[in-house]
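Work through the exercises below with the sequence and the structure at hand. Try each task before reading its solution.

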Amino acid sequence: MKSRYLFYCAFFFLCIGFSGCATVSVQPKVEAIEKGILLTDICRENNIQWQWDSTSQVITLTKGSSVVKALAESDIVLFNDEEIFLSASLEFRNSNVYIPMDFKTKIIDRLIQDTTVPKLVDYTPKETHLIILDAGHGGKDPGAIGPSGLQEKEVVLDITLRVKNVLEKKGFEIVMTRDKDIFISLNERTEIASKTKADLFVSIHANSNPSKGIQGLEVYTLKDLNAEDKKEEQRLNNRKLLLNCLEVDKNNSDVSNIIADMLYTHKQNDADILALNLSAKTTGLLKARNLGRKKSRFYVLRNTLIPSILVEVGFLTNPKEENLLSTPAYRQRIAIGLANSIVEHIHGM
């Protein structure tokens, strides 16, 4: 089971493209820990093709009909479907991936012996990244309303459109759950995220609180789900949509469960890192109070399977923040802070 998990983990990252699923333009050195032998040299000498995904940290080697998948920080390598244990884990440090010495004898030498004709794969590096931007509320649902009557649905739509504009100028592809003042159900919002090979789902909201003195920006990520949460009908429906998108056999329960577990783990880790950095950097730009990362089981968080965050850009119930949120200049600063944080996260800056 462990080998199958790693295999589908590697397979998934190469399919969905969290970091483009491509060999990056500047590839890291891959050396042997003890003697500094470069794996790139060995591959070049023996016509072994290799690719590196900087986000998933998966190295893929191919020669003939053989495919090797190695995951950084793991001592297990999949040679086709066979699990091979190494003497030490692959390590990622300072833009270098280090391999133990027995990687050559157990993996490289065996690849060299493969003399079958390779199957050519049409492989085009993905240069753009797809982000789902979700402007909260809309239409018949105004969301929070400030003392002056400013409505959340208006504020967050304007900010989301500004984020879209900044990200598109930086080469990102954007899908919005709504781009006008219309009502979109929570089910529809999560289904949009499940029907596309997106890197990230970002839901943008404005806050409210009975206490008018509370102010600041906070970012929510998914609180750990229990067994019942994972069986929620909408989550299961979205899982099928995503597996269809990945062209995975959704009728194979073992494959579906393995990928679902891997998605859940990756989503938690990736979203938490983004949330912490985004809240700090955006509030620094705004000179606003940083309320930090918080955990919740909000509907759009628990029913999306890709990394997802929900940003509360400020409190409409606080007169000072309501006034700021009513101004185009402040909304633009929020948009720049959010967009820059997303770009830095996706590109690993």
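The exercises deal with a sheet, two helices and the nonpolar cores of this predicted model.

**Exercise 1. The sheet**

Give the order of the strands in the open sheet, and find which strands stand at its edges.

*Solution.*
- Step 1. The open sheet is formed by six strands, in the order E10-E9-E11-E14-E12-E13, with mixed pairing.
- Step 2. E10 and strand E13 (290–296) each have a single partner strand, so one side of each is left without a neighbour in the sheet. These two are the edge strands.
- Step 3. From one strand to the next, the twist averages 25°.

**Exercise 2. One strand pair**

In which sense do E12 and E13 pair, and over how many bridges?

*Solution.*
- Step 1. The sense is parallel, and the pairing of E12 and E13 runs over six bridges.
- Step 2. For a residue-level check, take Leu217: its bridge partner in E13 is Asn290.

**Exercise 3. Helices on the sheet**

Determine which strands H4 lies across and which strands H11 touches.

*Solution.*
- Step 1. H4 lies across E9, E10, E11 and E14, and runs at about 145° to E11.
- Step 2. H11 packs on the sheet and touches E9, E11 and E14. Its direction makes about 155° with that of E11.

**Exercise 4. The two helices together**

Are H4 and H11 roughly parallel or oblique to each other?

*Solution.*
- Step 1. The axes of H4 and H11 cross at roughly 50° and come within 8 Å.
- Step 2. Angles under 35 degrees count as roughly parallel, and 65 to 115 as roughly perpendicular.
- Step 3. H4 and H11 are therefore oblique to each other.
- Step 4. The crossing of H4 past H11 is right-handed.
- Step 5. Residues making the contact include Ile159 and Val163 of H4, and Ile342 and Val343 of H11.

**Exercise 5. The cores**

How many residues does the largest nonpolar core have, and which element gives the most to this core?

*Solution.*
- Step 1. The largest nonpolar core has 39 residues. Among those with the most contacts inside it are Ile131, Ile159, Val163 and Val202.
- Step 2. Elements that give two or more residues to this core include strand E9 (130–135), helix H4 (152–169), strand E11 (200–207) and helix H11 (328–346).
- Step 3. H11 gives the most, with eight residues.
- Step 4. Now look at Ile131. Beyond its neighbours within four places in sequence, its contacts include Phe172, Ile174, Val202, Ile342 and Ile346.
- Step 5. A second core is separate and has 18 residues, among them Cys43, Leu61, Ile84 and Ile99.

How values were computed. Residues numbered from 1 in each chain as written. Predicted model: local features only at pLDDT ≥ 70, side-chain atom pairs only at ≥ 80, totals over all residues. Heavy atoms only, no water. Core = buried A, V, L, I, M, F, W, Y, C linked by side-chain atoms within 4.5 Å. Buried < 20%, exposed > 50% of the residue type's maximum accessible area, 1.4 Å probe, protein only. Helix = DSSP H or I, 4+ residues; strand = E, 2+ residues; numbered from the N terminus. Contact = heavy atoms within 4.5 Å. Pairing = 2+ DSSP bridges. Axes fitted to C-alpha atoms, helices over the stretch in contact; angles between N-to-C directions. Parallel < 35°, antiparallel > 145°, perpendicular 65-115°, else oblique. Left-handed = near helix turned anticlockwise from the far one by under 90°.
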